[in-house]
Amino acid sequence: MNFNAPRGTHDLIEKDAENLRYLETLCRKIFEKWNYSEICFPTFEDAGLFTRSIGESTDIIEKEMYVFEDRKGRKLALRPEGTASTVRALLEHSLMQKMPAAKLFYMGPMFRYERPQAGRYREFYQAGAEYFGNSEPPADAEIIIAASEILKSAGLKKIDTRLNSLGCKACRPAFRQELKNYFSSKEGLCEDCSNRLEKNPLRVLDCKIDGPRFTDLPQMEKFLCPECKKHFDGVKELLEKSGCGYTVDHKLVRGLDYYTKTIFEIRGSAEGAQDALCAGGRYDNLVEELGGSPTPAVGFALGSERVIAAAQKENAVWNASRPLKVFVAVSGESLLKEAFVFAAGLRRSNLAEPVKLAICAGAPEICVEGPVASRSLKSQLKLADKFGADKTIIFGEDEYKRGAVVLRDMKTQEQKEIKIV
Ligand code: HAM
């Protein structure tokens, strides 16, 4: 029987795995520069955590969550995103009391039962950051600028940052009502929109079918209460003064219900790029809704596969520092043990300084392969080529008697003897 990876999942092998690691290292560096510390939370949680946080009438909860019962009948779900888990951990470990500012970042796989297509997977990687305890515009601006700094550092020259405000509990209901009235008078809404008009009229705005059909839509910005308007203006001003470009997009809404005030999305503007590379916003009520004391919060997450694909489309050069690759070969089997011990010493950096210097020439990282037994020297050198060796060390009987081995530069084919004892 043959097994394949489940639909909508993918293996990351060689270059793809390297790219993910490169992007995650880049995110980690930028998050740490902005003083975020890492949190690792479980890949599954109580399903109710996500239902309560993300909202029952969202696509994620209605159609996309992987829910299962464990052997004791607990209803669990694979995490579809990281915000709910971060808030759960914040409350469970009373992090607001322990940290001067709770600024956390995470990275790892998320799971959504979506229809797979380019850039849309059922298991995908996110890197995200959440900032708790600051209700002021600088926190929103910090999150948006950090997100765009990651994308720019990943080599994306063309990014399109969309911004909107969804207001708060005080001002949003009037806008929702206005949208309901507006769409109720329109003929021929698609099936999804007709169904969600009652529960979630905002989602009609970003419907791929109905969204673009209407040009004179009501705009949330006109409904913002004085506090939300001041906040939105404050965020815009900080972005402008920091040189972070954006466009206000009145149709921008989010697929998760926890947002208040600022929301944003960053898209790549390379050809064909419509999907968001990263998205987020403010969610001032969620901590309280999950049982904590009122705590303002703002955050974002980026989709790693999408960022990697966008960087490739823009021909961004990602120069991950590559280790010096050294292959250890044996001519004949009599020196196999000596070669093994030498290779292990080289990996652990246990050799005498002049020997290390002759082989590694100051390279900060090395990767050592071999020795492999029972192969002719010729086939070992072929293996060294496949491995991509920069240098090959050959243990030969004559040289070893003189306390030496042969060091071969795989690029220039030059060989020289080096003393190892
Ligand atoms: P989201 O918009 O659902 O927000 O996801 C964030 C990013 O994850 C998207 O912009 C996209 O790049 C990527 N993504 C989402 N679904 C998929 C998929 N099926 N395949 C590939 N990539 C995908 C959130 O998850 C929020 N938790 C963000 C946030 C953090 N808001 C506040 N804090």
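This report describes two sheets, two helix pairs, the surroundings of a ligand and two backbone details in a predicted model.

**The five-stranded sheet**

Five strands make up an open sheet, in which the order is β13-β12-β14-β15-β16 and the pairing is mixed. At its edges stand β13, which spans residues 366–369, and β16, which spans residues 415–419, and each of these pairs on one side only. From one strand to the next, the twist in this sheet averages 25°. Within the sheet, strand β14 (residues 391–395) is joined to strand β15 (residues 404–409) in the antiparallel sense over 4 bridges. Ile394 has Val406, in β15, as its bridge partner.

A backbone feature belongs to the loop that lies between edge strand β13 and helix α14 (377–387), where Pro371 is placed. The peptide bond leading from Gly370 to Pro371 is cis, its omega being near 0°.

**The three-stranded sheet and the helix across it**

Another open sheet is formed by 3 strands in the order β2-β4-β3, with antiparallel pairing. Strands β2 (44–46) and β3 (67–69) occupy the edges and have a single partner strand each, so that one side of each is left without a neighbour in the sheet. The twist here averages 35° from one strand to the next. Strand β4, covering residues 75–78, runs antiparallel to β3 and is joined to β3 by 3 bridges. Opposite Phe68 stands Leu76 in β4.

Helix α2, made of residues 47–54, lies across β2, β3 and β4, and its direction is at about 80° to β2. Helix α2 also packs against helix α4 (residues 83–92), at an angle of about 110° and with the two axes 9 Å apart. Because angles of 65 to 115 degrees count as roughly perpendicular, α2 and α4 are therefore described as roughly perpendicular to each other. On the α2 side the contact is made by Leu49, Phe50 and Ser53, and on the α4 side by Ala84, Ser85 and Arg88. By class, the residues of this contact divide into 3 nonpolar, 2 polar and 1 charged.

**Helices α1 and α11**

A further helix pair consists of α1 (residues 15–33) and α11 (residues 304–313), whose axes come within 10 Å and cross at roughly 105°. These two helices are therefore also roughly perpendicular to each other. Asn19, Leu20 and Leu23 of α1 meet Ser304, Val307, Ile308 and Gln312 of α11 in this contact. The contact of α1 with α11 has 4 nonpolar and 3 polar residues, and no charged residues.

**Surroundings of the ligand**

The ligand is surrounded by 27 residues, of which the closest are Glu81, Glu114, Glu130, Arg254 and Tyr259. Tyr259 also takes part in a polar approach to the ligand, with an N or O atom of its side chain 2.6 Å from a nitrogen atom of the ligand. Side chains of Thr83 and Gln126 likewise place a polar atom by the ligand, and the table sets out these distances.

| Residue (side-chain atom) | Ligand atom | Distance |
|---|---|---|
| Thr83 (polar atom) | nitrogen | 2.9 Å |
| Gln126 (polar atom) | oxygen | 3.1 Å |
| Tyr259 (N or O atom) | nitrogen | 2.6 Å |

Thr83 falls within the residue range of helix α4 (residues 83–92), the helix that packs against α2.

**A positive phi value**

Lys261 is placed in the loop between β8 (247–248) and β9 (262–268). The phi angle of Lys261 is near 55°, which is a positive value in a residue other than glycine.

Definitions and conventions
Residues numbered from 1 in each chain as written. Predicted model: local features only at pLDDT ≥ 70, side-chain atom pairs only at ≥ 80, totals over all residues. Heavy atoms only, no water. Pairing = 2+ DSSP bridges. Axes fitted to C-alpha atoms, helices over the stretch in contact; angles between N-to-C directions. Contact = heavy atoms within 4.5 Å. Parallel < 35°, antiparallel > 145°, perpendicular 65-115°, else oblique. Nonpolar A, V, L, I, M, F, W, Y, C, P; charged D, E, K, R; others polar. Near = heavy atom within 4 Å. Polar contact = N/O pair within 3.5 Å; in protein donor to acceptor, adjacent residues only side chain to side chain.
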